Amino acid sequence: MSITFSNRSLLAVMLCLPLFLLTACSHVPVATMVKLANFDILKTNPAGLRVAVRYPASISIPEGGARMMLTVKDKKTGKLVMEEKLAFVRVSSKAERAELSAELQEGRRIAIYRLPDDKIPAFKAFQTYLLTMDKAERDKIEGNMEVAVDGCLAFEHWPARILVSTYLKADELGGYIPLLRDVNLEEQMADGKNGVDGSLPRCTDARAATEG
């Protein structure tokens, strides 16, 4: 698993799925890695998937700013074999927000996202496409699920630190588990990591007004 950033993007969490197994990296909490052993993105119920982001109040996430991209590429050539781009919708359920109440902190917000009902068939088609391959075919490809959330800077001055945490929920996980905790977005940008070539844009009044 890796985290990537791009210009105008608050964060993107990428889950790599070689041979149908979710891989994990050193920056993922050990307890999370143990729980992820029960999670298979190709067999999970997409209706039960949730992605949550904890971020500073200095950042605004506009309506429609979250999305998922599913890709399959040829390992040898890097050629794109299949791609699905799915928009997320924000979850406003008080019951679901209560599940993350222990993660709330002063000066931070938490946004929860899910796939809309009309996008569930596309996700299932992605699962079916890979699950019906034989082993020889699977060994030649690699799949990725990337979740990206756009954000903009709501305050006039750039804060000293922009710490972002991400969480995943699936039926087989029994609730939300932390994927990354307090990743410093400013350091990522300053180091020029992950293809960053700019900073977060400042919010227009319209963009800031959509923040929930």
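**Reading a cavity and a salt-bridge network**

Colleague: How many nonpolar, polar and charged residues line the largest cavity?

Modeller: Classes come by residue type: Ala, Val, Leu, Ile, Met, Phe, Trp, Tyr, Cys and Pro are nonpolar, Asp, Glu, Lys and Arg charged, the others, Gly among them, polar. Here the lining has five nonpolar, one polar and two charged residues. This is a predicted model: local features need pLDDT of at least 70, side-chain atom pairs 80 or more, while totals for chains, interfaces and linings use all residues. Numbering runs from 1 along each chain as its sequence is written, and side-chain values use heavy atoms, without hydrogens or water.

Colleague: Which residues line the largest cavity?

Modeller: A cavity is a set of points on a 1 Å grid over the protein atoms alone where a 1.4 Å probe fits but cannot get out; lining residues have an atom within 4 Å of a point. Ile-61, Pro-62, Glu-63, Gly-64, Phe-88, Val-89, Arg-90 and Tyr-113 do so here.

Colleague: What does Arg-54 pair with in a salt bridge?

Modeller: Side chains of opposite charge can pair when their charged atoms come close. The rule: a Lys or Arg side-chain nitrogen within 4 Å of an Asp or Glu carboxyl oxygen. Arg-54 meets Asp-182 at 3.2 Å, N to O. Arg-54 is in strand β3 and Asp-182 in strand β12 (strands are DSSP E runs of at least two residues), so the pair ties together parts 128 residues apart in sequence.

Colleague: Where does Asp-182 bridge to Arg-108, and what network results?

Modeller: Their closest N and O atoms are 3.4 Å apart. Asp-182 is in strand β12, Arg-108 in strand β8. Shared partners join Arg-54, Glu-103, Arg-108, Arg-181 and Asp-182 into one network.

Technical notes:
On a 1 Å grid over the protein atoms alone, a cavity is a set of points where a 1.4 Å probe fits but cannot get out, and a pocket is an open set with protein on both sides within 12 Å along at least five of seven lines; lining residues have an atom within 4 Å of a point. Helices (H or I, at least four residues) and strands (E, at least two) are DSSP runs, numbered from the N terminus.
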